[in-house]
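Dear colleague,

I am handing over a structure to you with this email, and below it I set out what was found when the structure was examined. Please look through the sequence and the model before reading on.

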Amino acid sequence: MKTMLHCMSHSPLVGFVDPLPEILDEVNGVISNARKAVKAFDPDLVVLFAPDHYNGFFYDLMPSFCIGTDAYAIGDFGTLAGDLNVPQALAESLAASVLDSGVDVAVSYRMQLDHGFAQPLDELVGGLDCKPVIPIFINSVAVPLPSFQRARLLGEAVGRYLKTLDKKVLILGSGGLSHQPPVPELATANAHMVDRMKGSGRHLPDDEREARTQRVITAARRFVEDQSTLHPLHPEWDQSFMTLLSEGRMADLDAMKNDELSALAGKSTHEVKAWVSAFAALSVMGNFNTTNRYYRPIPEWIAGFGSLTAYTEKTL
Ligand SMILES: O=C(O)CCc1cccc(O)c1O
Ligand SMILES: [Fe+2]
């Protein structure tokens, strides 16, 4: 069983608020190398763990985890819009297997996704529908959130299913690392925003979509000038997190409470549970080695930006 993993931060601010050219070149080199590695691996199937930001999942019905059997991206912040190439029967049997495995995952036959899913597919795979992909949503913003332990158990359950397939699988994790962009919160949003967060935001009018995009861009510009305007990035935690995953110590995070992580690294840092699930799935496939580790705090993108590749031993 050949298995590859790539986990990487996303940020829709790319192209809107960019770091210095030499840093942008450095990051683009990292992404380009990862894309080349994916092309060389040539997966039969991609499994993508990623969050949403009140663009596809809302408080009218907010699952902790959801497997898409049919999915499309909305193209927020100018990211790719369109249908993903979801192998429905495989996604259905994955969902049944994960449920049998003791993890209560939801399913969606009309999954609406945003930049969290679209950006890694564009940057690493070459598009939304270049390869068969099963999208797996992990709630990373809408409290109450699933724990690190549940994200690990989800990943292990997915890995046990993938192990039964005679396919070259690429496991992707999207998001993180430390960051807190201005994502609204139910407890503090105004009545109009609360209504959007409860579901009317599924089809935002163009003017409101543009206002939302500009709000995040403005926040990023301010953050570059003054890093007290948002929760500060936490490079030390980010690096220790990447090391812990590289050493296969995902279970060490079981002890970390969600509120503790929010206070330490920022409320959107829970996106790293996509990395935990991805590495947990890989760990079930066999011993693995990591490579191409990259990290840089990038305030322009409101992200502790990380990128990490791993292979099960047979594929090195
Ligand atoms: O959609 C939004 O409001 C948040 C956008 C956003 C910004 C920076 C880093 C992220 O991970 C991210 O998702
Ligand atoms: Fe995000």
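How many cavities of 30 Å³ or more does a search of the whole structure find? Before the answer, please keep in mind that this is a predicted model, and that every value in this email was computed from it. The search of the whole structure finds one cavity of 30 Å³ or more, and the volume of the largest cavity is about 180 Å³.

What takes up the space of the largest cavity? That space is taken by ligand 1. The lining of the largest cavity is made up of 19 residues, and those that lie nearest its centre are Pro-12, His-53, His-115, Pro-181 and Val-216. Sorted by class, this lining has 11 nonpolar, five polar and three charged residues. Helix H6, which runs over residues 206-225, gives the most to the lining of the largest cavity, with three residues.

Turning to the ligand itself, there are 14 residues around ligand 1, and among these His-10, His-53, His-115, His-179 and Arg-212 come nearest. His-53 and His-115 are thus named both among the residues that come nearest to ligand 1 and among those that lie nearest the centre of the largest cavity. The shell around ligand 1 divides into seven nonpolar, five polar and two charged residues.

Three side chains can be described in greater detail. His-115 has a polar side-chain atom that lies 2.7 Å from an oxygen atom of ligand 1, while for Arg-212 the distance from a polar side-chain atom to an oxygen atom of ligand 1 is 2.9 Å, and for Glu-271 the corresponding distance is 3.3 Å. How much of the accessible area that ligand 1 has on its own does the protein cover? The protein covers 100% of that area, which comes to 340 Å².

Apart from the cavity, there is also the largest pocket to consider, in which about 360 Å³ of space lies. It is lined by 22 residues, of which Val-141, Val-143, Glu-185, Ser-262 and Lys-267 are the closest to its centre. By class, the lining of the largest pocket has 13 nonpolar, six polar and three charged residues.

Finally, some points concern the backbone. Most residues other than glycine have a negative phi, and most peptide bonds are trans. Val-143, already mentioned as one of the residues closest to the centre of the largest pocket, is joined to Pro-144 by a cis peptide bond with an omega of about 0°, and Pro-144 is found in the loop between strand E8 (133-138) and helix H4 (148-162). A cis peptide bond also joins Gly-176 and Leu-177, with an omega of about -5°, and Leu-177 has its place in the loop between strand E9 (169-174) and helix H5 (191-197). Phe-77, although it is not a glycine, has a positive phi of about 55°, and this residue is found in the loop between strand E4 (71-74) and strand E5 (81-83).

With kind regards

Note on methods:
Residues numbered from 1 in each chain as written. Chains lettered and ligands numbered in written order. Predicted model: local features only at pLDDT ≥ 70, side-chain atom pairs only at ≥ 80, totals over all residues. Heavy atoms only, no water. Near = heavy atom within 4 Å. Polar contact = N/O pair within 3.5 Å; in protein donor to acceptor, adjacent residues only side chain to side chain. Areas by Shrake-Rupley, 256 points an atom, 1.4 Å probe, with all protein chains shown as cover. 1 Å grid on protein atoms, 1.4 Å probe; cavity = no way out; pocket = protein on both sides within 12 Å on 5 of 7 lines; lining within 4 Å. Sits in = over half its atoms within 2 Å of the grid points. Nonpolar A, V, L, I, M, F, W, Y, C, P; charged D, E, K, R; others polar. Points joined across faces, edges and corners; volume = space filled by probe spheres on them. Helix = DSSP H or I, 4+ residues; strand = E, 2+ residues; numbered from the N terminus.
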